[in-house]
Each structure stands twice: as C-alpha cells, then as structure tokens.
Amino acid sequence: MISVAIVSPELSLGPINKVIESRDFGCEFHRYVYNQLDDIKWIYEDCKDSCDVIFFSGELGYHYILNHIPDIEIPCSFIFYDTKHILSILLNFVLETPNIPLQRVLVDFLTPLNNFMNLKSYLKPEFCPYCYESFVYDYAHITRRACELWDAGKIDLVLTRSINNIPTYEKLGIPYLAIFPTEDMIAESIGSALKEVRLSMKENCDQITAIIKLMLEPSFANTDREYLEATLYKLLVDFRKDKKLDYSIQPSFDRFELHTQAGAPSDMSGILQELVRYLQKHFDASFRIGIGVSPSLDQSHYYAESALLESLRYGCNDAFLITGEDALLTGPLSLSRQLTYSYTNHKASSYAKQVGIDESNVVRIIGLFEMDPGTVLTSAMLAKWLNITSRSCNRILQQLLDSQLIYETPSQGPARKGRPEKEYHFDANKMREILL
C-alpha cells in the first residue's frame, strides 16, 4: 500500500483530515504540520524513509522543498485545485461581491508553478485578477507583492490560500478573503495527485486487473443485491487493510474491478490465492474471478475478462489468472497446485471437436500432464480438477483410453471393500504426438 505524507499548515489540515477519514483512497496517510516553512526540513528527514511520496496542501510547501532540499529521495507533489475549481471560486466571488471588480483582486495562489491554472485561457486580460508572477514563492515575497499592489491602489482585496500569512495581511490592513476548498475539491485534488503518483510508479511494473462477478439471478431482490454488494466491498477493503496492500476498488453492476501493479506476477501469486480463499470463507454468495497480468493496463483488463470467462466455464467460487505474451491460464487459484494451460493449442481444439469433449476440459488435462507427466489419474481426482460429475469424468477417461492418451494400471492404494478405484497414467509419447 502506498504510504503518503500529508504536509500542511494546521488550519488547512482539519478539512483534509475529514476527507481522508471519510473516503477510501487506497493508501496510508501520515499527517505533518508546519508552522513556518523551515519546519519542512525536519518533516522531510522524518518521513523520507517511511513514506513513498510527500503531498503538500498547497504550492508554498512544495516550492520550498524543491528550492531548499537538494537530492530529494522520494517523489513530491502538491494538492492543487483544478481549473474548474478556480473558475468556480472566481464566479462565486463575482456573484457574492459585485462591488469589487475581479480585475482589482490579487489571487496569491495563481503562480507560474501551477501555470496560473490556465486562467488566462478563459478570461480576457482586462477581466483577469492579478496573479503572483515571480518564481520565488514564500511568505515574504507574497506579502511584498500584495503590499506593492495595495500601496499603488491597484487592488481592493487578496484571495489567499496562505493560511499562515493571514495574520500578516491583518497587521498590514490589507483586506483578504481566505479560500477554503470544499470537501469535494479536496477529494478530487488528492485523487488526481494519487493518480499521477501511481502512473509514475507504473513504468517498470506489471499491471494487475481482477474482475469479481456476482452470480445473481435476475429475480434477485434489489435490497438483497445491494446488501451483497456492500458486503463484498467491505470484505475487499478489509482484506486490503489487513494485508497492507494498495489496490483500487471500482464497483459496477454485479461486479467489482480491482487494479494494482507489481514488479512481477510472482509477487502477487500468493496474495491472489489468499484473496480467493478469503472470499470463499467469508462471502456467502456465488462469485467468479478473472485476473489479468500484463505490462499494459488495457491488456491486463482484456486478460482479466478472458480469465473471467474461464472461471465461468469452471463453474465454482474460484479464480483464474492469465499472464504473459502467450496468454497462459493458471487456476483454479484456490487449490494448492494450479494448472497452467492455453487455448492457443490448435491440436487440442481439433481433438476436442473430434471426440466431443469440451475444449476447456482438454486443455486442462494437457495442463495436468505438463505440470507432472507422472500424475496418477483417478475419476475422483480428475472430476475435482475439471469441476464435473463423476459420470462425465468417466466418459472423458474412456475417450482418453480409446485415443491411447492414457492407460490403466493396477491400483497402488490400500485395499478397500467394494470395487477398487481405477488408476490411469499418461502415455507421454501419445500426449505429445496428438495434443502437443
């Protein structure tokens, strides 16, 4: 799970805390308060080894760390307004304060660092407020700019986000209006900043997409459906928190889509298996899971959809995984030993049509052979691997015998009352000749 340091003046931290505690961003937050910009030096030293990224509540702290700490060891960003937020703030100001023209206002948080939030693309120069134009951005220079404009009679008001600078404005007698973002603005800003961080961390990572489908009848009551969806969402959040993972959760109709990234598929194989077993134990409804792993996000999503189809074919509360350029299927994931196989085997497809066996069962049998050519086959064991009835399994075993792909051997197990269970072995040469 991504560990995030939030660095902010104390007055700004309250609304941020409220948003962080009420919404799920899929990461772990650590809060730091600075009373003066020099505090950021010790904050950086304290969190550089324990956090993955530092978010500042505004441009001031971000600008300070870039200019005062050389060789920063972890990514830094600042939580900023979108252009639409700035336009909304200015529109509300114009409507609520019609006696002060916008062009007689200094907005001290529109700076070269944020490209003035593209405001000049939307407003003609004669209607634009004053912006902070210097690349040197700290309390002293902000105050100096405000004093210059105020003393020259060019402004009537300052719109400010610099909470710690408010006492200075009051002392100088410069009218100001403190801009406090709404919870939605803060949430969107944090979400956008996290998205940028996650994108920057994806370059050398495999993208992992998991699709969990609820198997509900069309007649299922809406209230019961909502309850199951809420239950599943909570289980996914609880599992993520318990395992200290970092994956997003996106709900939609009858399904949930999870996304994360990892250095290699093997990094997540054990966790994926744990997730399947966790849901089997705690979720009291039918589900199917498809998981895709690929360097490309789009490809991982396509693989997940294809793996979900395999999970639907299998017909159990379980999961299948597709990974690699060869789109290899692995599963069912809940078992201690999983099969790996592919539907790109044209010999298997041709044989399945010829003898009337479902292609999915043929490729899984090939997976069993490739996993261990010496596997001892029994009807009960094969029925479990294929998730079919014993009767269907016996029919498949007979067809494999007729094709000389397997041969019967005397049972090696302990003697039991009744008819002994038949045991079979693969004929390796015939398997390679006919199916590989």
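# Exercises on a predicted model

Glu45, Lys48 and Glu73 are joined to one another through a network of salt bridges. The model is a predicted one, and the exercises below start from its charged pairs before turning to strands and backbone.

## Exercise 1: salt bridges that reach helix α7

Determine which residues of helix α7 form salt bridges with Lys18 and with Lys84, and state where these partners sit in the chain.

Solution. The criterion to apply is a side-chain nitrogen of Lys or Arg within 4 Å of a carboxyl oxygen of Asp or Glu, and with this rule the count for the model comes to 15 salt bridges. Taking Lys18 as the starting point, its side chain meets that of Glu183 in a salt bridge with an N to O distance of 3.1 Å. This pair links distant parts of the chain, since Glu183 belongs to helix α7 (residues 183-200) and Lys18 to helix α1 (residues 10-22), 165 residues apart. Glu183 is partly exposed at a relative accessible area of 31%, whereas Lys18 is exposed at 51%.

Turning to Lys84, the salt bridge is made with the side chain of Glu188, at 3.0 Å from N to O. Here too distant parts of the chain are linked, with Glu188 in helix α7 and Lys84 in helix α4 (residues 83-96), 104 residues apart. Glu188 counts as partly exposed at 32% relative accessibility, and Lys84 counts as partly exposed at 49%.

## Exercise 2: a salt bridge between loops

Find the salt-bridge partner of Lys120 and say which parts of the chain the pair ties together.

Solution. The side chain of Lys120 meets that of Glu133, with 3.8 Å between N and O, which satisfies the 4 Å cut-off. Lys120 lies in the loop between β5 (105-107) and β6 (130-131), and Glu133 in the loop between β6 and α5 (139-151), so the bridge ties together parts that are 13 residues apart in sequence. As for accessibility, Lys120 is partly exposed with a relative accessible area of 48%, and Glu133 is partly exposed with 40%.

## Exercise 3: the surroundings of strand β12

Establish whether strand β12 is enclosed or open to the outside, and identify the strands that pair with it.

Solution. Start with the residues themselves: eight of the eight residues of β12 (residues 287-294) are buried, so the strand is largely enclosed by the rest of the structure. Next, consider the two faces, where Phe287, Ile289, Ile291 and Val293 point one way while Arg288, Gly290, Gly292 and Ser294 point the other way, all of them buried.

For the pairing, strand β9 (residues 206-214) runs antiparallel to β12 and is joined to it by eight bridges, with Ala210 having Ile291 as its bridge partner. Strand β13 (residues 319-323) pairs with β12 in the parallel sense over five bridges, and Gly290 stands opposite Phe320 of β13. Between these two strands the chain crosses from β12 through helix α10 (residues 297-314) to β13, in a β-α-β crossover that is left-handed.

Helix α10 also holds Leu312, which is partly exposed at a relative accessible area of 32% and which, with Met215 and Leu309, makes a nonpolar surface patch of about 230 Å².

## Exercise 4: an open sheet

Give the order of the strands in the sheet that contains β16, β17 and β18, and decide which of them stand at the edges.

Solution. The three strands form an open sheet in the order β16-β18-β17, with antiparallel pairing. In this arrangement β16 (376-377) and β17 (406-409) stand at the edges, each with a single partner strand, so one side of each is left without a neighbour in the sheet. Strands β17 and β18 (residues 423-426) pair over four bridges, and one of the positions to inspect is Glu408, whose bridge partner in β18 is Tyr424.

## Exercise 5: backbone geometry in the loops

Locate the cis peptide bond before Pro332 and describe the phi angles of Lys244 and Ala327.

Solution. The peptide bond from Gly331 to Pro332 is cis, with omega near -5°, and Pro332 is found in the loop between β14 (328-331) and β15 (339-341). Lys244, although not a glycine, has a positive phi of about 55°; this residue is in the loop between α8 (222-243) and β10 (248-252) and counts as exposed at 62% relative accessibility. Ala327, likewise not a glycine, has a positive phi of about 50°, lies in the loop between β13 and β14, and counts as partly exposed at 25% relative accessibility.

Methods:
Residues numbered from 1 in each chain as written. Predicted model: local features only at pLDDT ≥ 70, side-chain atom pairs only at ≥ 80, totals over all residues. Heavy atoms only, no water. Buried < 20%, exposed > 50% of the residue type's maximum accessible area, 1.4 Å probe, protein only. Pairing = 2+ DSSP bridges. Right-handed = clockwise from strand over helix to strand, strands pointing away. Patch = residues over 30% accessible without salt bridge, like charges linked within 9 Å, V, L, I, M, F, W, Y side chains within 5 Å. Areas by Shrake-Rupley, 256 points an atom, 1.4 Å probe, with all protein chains shown as cover.
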